Amino acid sequence: MGGRVRHRTRAAVDAWALSAYAEINADVVFLATNGFSPEAGLTTPDLAEAAVKRAVIAAARRVVLLADSGKSGQEHFARFGDLSHVDLLITDTGLSPRTPGPSRAGARKWYAHDPDRHPQSEPGPHVRAAGAHAWRRPARHRGPRRPRGKGVNVSRAVAAAGHRTVAVAPLGGPEGALLARLLGEHGIEAAGVQIAGSTRVNVTLVEPDGTLTKVNAAGPEITPAEAGRLLDTVRARSAGADWIACCGSLPRGLSPQWYAELVARSHGAGVRIALDTSGAALVAALRERPDVIKPNTQELAEAVGRPLTTVGDALKAAQELRELGARAVLASLGAVGQLLVESSGAHFAGARVDAVRSDVGAGDASLAGFLSAGGTGPGALASAVAHGAAAVQLPGSAMPTPADLDLSAVVTTADIPVDLALPVPAP
């Protein structure tokens, strides 16, 4: 496997290693650990090595852990798994069935090797079921590889609704070629701008209880020449488009003013633009009057410099951002609903959701629903809420199709519930 090789441990880490493990299915992997305990699970001092170990576990159907008894009870900074991920622990006789360790923490089986009695490592009589935990772990399943990222998610949702969409993105290395191919498989035309760096690969690990762990590699740095080509490509490929959606944080190498320049150029070409970003890039773009911005509660609070605790607080903040230049504000307020503030007035909408499976990409689906329905007025707001509600009921980062939408579950009103409390953000 490729990757950056650490001098001391000789371990391959970072983006190349993570992308390589994302491409394989392994029957059995053998892992080492610096420490293991029922409380902390499998740990190592190094975050980069932990990320690779998580990816290795995700790629394997069966995990064998090699650890001497001295590692039992040791806890280090970076966690990369639970003992329940381990099918077989191979250790020494210092760890017995009575030791508080794997037998009480969910490891499936363990084998204690005594080199004096069994110099050839004969496992026969020493493979012991770990008490009541002696059960076979279900086989791991690799999820589908999907093109992802906020802008890509919006394109995926727009394409799922049957509309034509073009994704303009910096593409570099084999990862860039893979992204272009995956976009095509989802019915999305890729207008790639070739860059010297490699397109980022992220790995999402999904546990049986629905817990998501995202392993995000560092993105490429964009050169000034590449930044110029991106602006030119957006201008060329957006001719005749209904909307341009600019989504996500800016990659390294682009200044906070880059989105502002893109908004100005788009308006010069007569194309409406939606902006879903935060921080300095959002504030800088407001002076060019983007047609709609889509902050969530935290991003809205950051933009006005104060905490928001009620829908009324969010309404006031959205009005302030309109005064600073935004023509419309579509604010995602978590489970309580969404708020649309534009020149014709303000509307609030919420929807009944029976069960939340994953909120990954729900905001992107909402923006796609809003733009697909025209991008203005209570009807577009209802479409945004229906798309977001459908997305949270789908697994992973799946985008909803028209069959997943339930507009009858959406309630839209001009009577803003100003005293309704906003959800407390997760720490």
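D354 and R352 form a salt bridge in which the closest N and O atoms are 3.7 Å apart, a salt bridge being a side-chain nitrogen of Lys or Arg within 4 Å of a carboxyl oxygen of Asp or Glu. The structure is a predicted model, in which local features need pLDDT of at least 70 and side-chain atom pairs count only at pLDDT 80 or more, while totals for chains, interfaces and linings use all residues. Residues are numbered from 1 along each chain as its sequence is written, and side-chain values use heavy atoms, with hydrogens and water left out.

Both D354 and R352 are exposed, a class that requires over 50% relative accessible area, whereas buried means under 20% and partly exposed lies in between (1.4 Å probe, protein chains only). R352 also meets the side chain of D406 in a salt bridge, at 3.8 Å from N to O. Because D406 lies in the loop between α11 (377-392) and β21 (410-413) and R352 in the loop between β20 (345-351) and α10 (362-372), this pair ties together parts that are 54 residues apart in sequence. Helices (H or I, at least four residues) and strands (E, at least two) are DSSP runs, numbered from the N terminus. The relative accessible area of R352 is 52%, while D406 is partly exposed at 35%. Elsewhere, salt bridges that share partners join K150, D276 and D364 into one network.

A further salt bridge is formed by E189 and R164. This pair links distant parts of the chain, with E189 in strand β12 (residues 189-194) and R164 in the loop between α3 (150-160) and β11 (166-171), 25 residues apart. E189 is partly exposed, with a relative accessible area of 32%, and R164 is exposed, with a value of 69%. A search of the whole structure finds 15 salt bridges, among them the following.

| Salt bridge | Closest N and O atoms |
|---|---|
| E189 and R164 | 3.1 Å |
| D354 and R352 | 3.7 Å |
| D406 and R352 | 3.8 Å |

Turning to the sheets, one open sheet of three strands has the order β4-β5-β7, with antiparallel pairing, where two strands pair if DSSP finds at least two bridges between them. Since β4 (35-37) and β7 (78-81) stand at the edges, each with a single partner strand, one side of each is left without a neighbour in the sheet. From one strand to the next the twist averages 35°. Strand β5 (residues 41-44) pairs with β7 in the antiparallel sense over three bridges, and T43 has R79 in β7 as its bridge partner. Helix α2 (residues 47-59) lies across β5 and β7 and runs at about 5° to β7; axes are lines fitted to C-alpha atoms, for helices over the stretch in contact, and angles run from 0 to 180 degrees between N-to-C directions.

On the surface, V28, F30 and L66 make a nonpolar patch of about 270 Å². Patches are made of residues with over 30% relative accessible area and no salt bridge, with like charges joined within 9 Å and nonpolar side chains (Val, Leu, Ile, Met, Phe, Trp, Tyr) within 5 Å. V28 lies in strand β3 (residues 26-32) and counts as partly exposed at 37% relative accessibility.

For the protein as a whole, there are 11 helices and 21 strands, and 47% of the 427 residues count as buried. Residues 24 or more positions apart account for 63% of the contacts with a separation of 6 or more, contact meaning heavy atoms within 4.5 Å.

Note on methods. Accessible areas come from the Shrake-Rupley method with a 1.4 Å probe; for residues, only the protein chains shown count as cover.
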